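I opened the file to look up ring pairs, charge pairs and the chain contact. My entries follow in the order in which I checked things.

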Amino acid sequence: MMAVEASREAAPTPGSAGDTARSAEARAAATAPAVKMQTEALRAWFGAHEVLKAVSLSIPERRVTAVIGPSGCGKSTFIRCLNRMHEVVPGARSAGAVLLDGVDIFERGVDPVLVRRRVGMVFQRANPFPAMSIADNVLAGLRLNGVRPRHPEEVVERALAQAALWDEVKDILSRSGASLSGGQQQRLCIARTLALEPEVVLMDEPCSALDPIATARIEELIHELKDRYTIVIVTHNMQQAARVSDFTAFFYIGELVEHGETDALFTRPQKARTEDYITGRFG
Amino acid sequence: MQRPNALDLRRALTPSASFWAWTGTEANLGDRLFHGAAALCAFGVVAALAGMGVEMIRASLSSIERFGLGFVTEVTWDPVRELFGAAPFIFGTIVSSLLALAIAVPVAVGVAIFLAELAPAWLRTPASFVVELLAAIPSVVYGLWGVFVLAPWLRDTVQPALAAALGFLPFFGGPARGFGMLAGGLILAIMILPTIASVSRDVMVAVPTSYREAALALGATRFETVQVAVLPHAKAGIVGAVILGLGRALGETMAVTMVIGNRAEISASLFAPAATLASVIANEYAEATSDLYLAALSELGLMLFAVTLILNIGARLLVGKVGRAAPGVRGG
Ligand SMILES: Nc1ncnc2c1ncn2[C@@H]1O[C@H](COP(=O)(O)OP(=O)(O)OP(=O)(O)O)[C@@H](O)[C@H]1O
Ligand SMILES: [Mg+2]
């Protein structure tokens with residue numbers, strides 16, 4: 001009985017997700033965050049398997065948006081569509097629109113390389129380039145984009161300081177990126193992304209491999225970063241979503257079930273499915 | 001003819017793994033019997049190899065005693081006067097192999113990058129298959145192609161053009177014959193290209209996708225991704241692939257013998273006929289009349305045996321290292 005009701009409520013009436021988003025924005029109107037990115041009926045496939053079903057979600061500027069939902073519901077796929085990383089997987093494709101400052105990044109003639117320059121990404125598993133030194137890892141993005149900073153040391157220091165890693169590595173900058181601990185590697189990857197000064201930072205479970213101390217540092221970091229960056233973070237950790245995010249989007253089997261201000265979503269979820277998930281009844 | 005590929009390399013890694021399992025106490029009787037048999041086979045192969053080495057040393061003993069180290073530097077090879085020096089063949093082997101590498105390596109690495117990184121997904125498997133097929137063509141077929149197509153083409157088109165443009169260099173002097181060092185190097189290049197390309201491709205495919213994604217997410221183009229995320233990790237394995245190719249080039253016999261011109265001379269010109277360690281053995285073994293002549297040929301064989309063995313072991317260590325460091329995890 002419950003299941004039937006829940007699935008009815010979660011059924012995708014195209015307006016519902018959008019309505020929730022709009023009312024969330026209306027409530028946040030006091031601080032009036034502009035919309036940085038917006039997906040419109042975004043769908044994604046791996047081969048014939050449709051993993052995102054018409055997701056419409058807006059991502060406010062200089063705010064943290066958390067994406068939550070049970071494993072396999074399409075969270076990673078969703079954020080990988082936001083910087084066109086989804087399409088690099090063989091057999092993967094997508095449909096619908098993703099607006100970045102009002103321009104559809106899937107429009108003909110838009111270069112995915114330039115999109116990724118503006119929309120940076122930190123992956124679930126830290127992946128520094130092991131053949132490069134720590135400093136070169138930080139500078140890799142700039143070099144790839146043909147930027148030769150006049151004072152590379154300053155760029156390295158600034159990015160590493162932002163990622164709360166500078167003090168730990170300032171004396172070993174020429175060591176391999178792979179010589180760091182897992183948590184340090186993840187912060188190095190964050191520094192590498194920040195060095196490019198993207199406008200949006202996507203983080204896919206950045207803390208899943210980290211201990212509580214490293215996790216706390218990254219959460220602190222997210223707090224500091226949101227003055228300058230628009231952040232989208234995927235997390236399995238409800239407390240983390242509640243701590244770091246301003247807005248939360250709940251996904252279930254490829255659909256956006258509910259989206260709104262984090263406080264509201266966690267205290268007064270509108271959908272039964274959301275409530276079940278955040279109270280730990282499934283997933 | 002040994003045609004190493006990544007599959008062999010992976011198999012080559014298993015004996016040590018089974019050795020550890022074999023020494024473990026938890027294995028049951030069936031396992032232990034199996035591992036015992038496997039270990040016996042592995043030792044058998046090593047013993048056969050050692051036996052071969054000993055036998056070749058024995059066969060070349062009279063030549064080793066007669067010429068000593070001078071055998072390596074002596075440039076005369078005159079069976080009639082029983083004067084045997086290996087220098088022309090060492091020279092021919094090294095030059096033809098290096099020529100082959102110089103031509104084949106850039107092309108093979110390019111092919112590997114294309115197959116592993118750039119080709120559309122539907123093309124990758126069939127194209128890789130074709131490249132591997134090329135490695136399986138018998139060398140005598142390459143040789144025939146060399147005789148009927150490559151050598152005439154070199155004689156009538158390439159060599160006159162090279163002589164006209166670069167004839168002032170000693171490498172491109174002398175009459176255009178077609179058959180000679182250039183033909184030998186080219187045919188070797190064509191023969192080792194598939195080996196180098198397919199092993200390099202396997203090594204690149206084994207580079208974890210996460211590095212590629214890291215580069216792409218930083219705004220790298222696909223070509224930059226190859227440079228930043230793939231090649232640095234595949235480097236050791238590609239070097240291994242090149243050494244495997246070199247090992248094959250050094251030992252390749254049939255096709256080279258058919259096009260290299262077979263003359264025991266050291267000439268600066270790539271147009272001149274030459275001979276390699278392998279080609280002279282194949283050419284002269286049947287007609288070697290005296291014991292010393294046979295021993296000298298055996299000593300050439302011994303040198304070839306030692307060099308290719310060392311190169312292959314080195315190459316396998318390099319390629320194996322990459323395979324172990326990067327278990328082919330794909331997808332994110
Ligand atoms: N490379 C791939 N090839 C084929 N199917 C994939 C691939 N990656 C993901 N999928 C499928 O797409 C669906 C969504 O996957 P996705 O990785 O977006 O989930 P997720 O919400 O991020 O899960 P998790 O919380 O476990 O990371 C899953 O059903 C998964 O099986
Ligand atoms: Mg995921």
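**Entry: aromatic rings**

I started with the ring cluster in chain B of this predicted model. Ring pairs join six side chains there: Phe67(B), Phe71(B), Trp77(B), Phe84(B), Phe89(B) and Tyr293(B). I then took the count over all chains, which is 10 aromatic pairs. One of them is Phe172(B) with Phe271(B), a tilted pair. I read 6.0 Å from centre to centre and 55° between the planes. The two rings come from distant parts of the chain, 99 residues apart. Phe172(B) is in the loop between helix H7 (139-166) and helix H8 (181-205) of chain B. Phe271(B) is in the loop between helix H11 (254-259) and helix H12 (277-284) of that chain. I checked exposure too: Phe172(B) and Phe271(B) are both buried.

**Entry: charges over rings**

Next I looked for charged ends over rings. In chain A, the charged end of Arg93(A) sits over the ring of Trp45(A), at 4.2 Å from the ring centre. I also noted Arg192(A), whose charged end sits over the ring of Phe129(A). The distance to the centre of the Phe129(A) ring is 4.8 Å.

**Entry: the contact of chain A and chain B**

How many residues does the contact take from chain A and from chain B? I got 22 from chain A and 16 from chain B. The area buried between the two chains is about 1700 Å². Carbon and sulfur atoms give 70% of that area.

I went on to the polar side of the contact. The rule finds three residue pairs in polar contact across the interface, with both residues at pLDDT 80 or more. I asked which elements of chain A give two or more residues to the side that touches chain B. They are helix H4 (112-118), helix H5 (134-144) and helix H8 (182-195) of chain A. H5(A) supplies the largest share of that side, three residues.

The salt-bridge count between chain A and chain B is one. The partners are Arg80(A) and Glu213(B), whose side chains meet at 2.7 Å, N to O.

**Entry: salt bridges, whole structure**

I widened the search, and it gave 21 salt bridges over all chains. The pair that crosses between chains runs from Arg80(A) in helix H3 (residues 75-82) of chain A to Glu213(B) in helix H9 (residues 209-217) of chain B. Are the two partners, Arg80(A) and Glu213(B), buried or exposed? Arg80(A) counts as buried because its relative accessible area is 9%. Glu213(B) counts as buried too, at 7% relative accessibility.

Then I turned to pairs within chain A. The side chains of Arg243(A) and Glu219(A) meet in a salt bridge of 2.7 Å, N to O. This pair links distant parts of the chain, 24 residues apart. Arg243(A) belongs to helix H10 (residues 238-244) and Glu219(A) to helix H9 (residues 212-225) of chain A. I noted that the partners differ in cover: Arg243(A) is partly exposed at 44%, whereas Glu219(A) is buried at 8%.

I found another bridge between Asp246(A) and Lys226(A), with the closest N and O atoms 3.1 Å apart. These two are 20 residues apart. Asp246(A) lies in the loop between H10 and strand S9 (247-252) of chain A. Lys226(A) lies in the loop between H9 and strand S8 (230-234) of chain A. Asp246(A) is partly exposed, with a relative accessible area of 22%. I also logged a network: salt bridges with shared partners join Lys36(A), Glu61(A), Asp101(A), Arg118(A) and Glu199(A).

**Entry: helix H3 of chain A**

I returned to the helix that carries Arg80(A). H3(A) is mostly covered, with seven of its eight residues buried. Arg80(A) is one of them, and the others listed are Lys75(A), Thr77(A), Phe78(A), Ile79(A), Cys81(A) and Leu82(A). I checked the backbone just after H3(A): Arg84(A) takes a positive phi of about 60° there.

**Entry: Val80(B)**

Last, I looked up Val80(B). Where does Val80(B) lie? I placed Val80(B) in the loop between strand S1 (77-78) and strand S2 (83-84) of chain B. Its relative accessible area is 76%, so Val80(B) counts as exposed. I took one distance from Val80(B): Val45(B) is 39 Å away, C-alpha to C-alpha. In sequence, Val80(B) and Val45(B) are 35 residues apart.

Note on methods
Residues are numbered from 1 along each chain as its sequence is written. Chains are lettered from A and ligands numbered from 1 in the order in which they are written. Side-chain values use heavy atoms; hydrogens and water are left out. Rings of Phe, Tyr and Trp (its six-membered ring) pair if their centres lie within 6.5 Å; planes under 30 degrees apart count as stacked, over 60 as edge-to-face and the rest as tilted. Helices (H or I, at least four residues) and strands (E, at least two) are DSSP runs, numbered from the N terminus. Buried means under 20% relative accessible area, exposed over 50%, partly exposed in between (1.4 Å probe, protein chains only). A charge sits over a ring if NZ of Lys or CZ of Arg is within 6 Å of the ring centre and within 35 degrees of the ring normal. Contact means heavy atoms within 4.5 Å. Buried area is the accessible area (1.4 Å probe) that two parts lose on being put together, summed over both. A salt bridge is a side-chain nitrogen of Lys or Arg within 4 Å of a carboxyl oxygen of Asp or Glu. A polar contact is a pair of N or O atoms within 3.5 Å; within protein, one must be able to donate a hydrogen and the other to accept it, and residues adjacent in sequence count only if both atoms are side-chain atoms.
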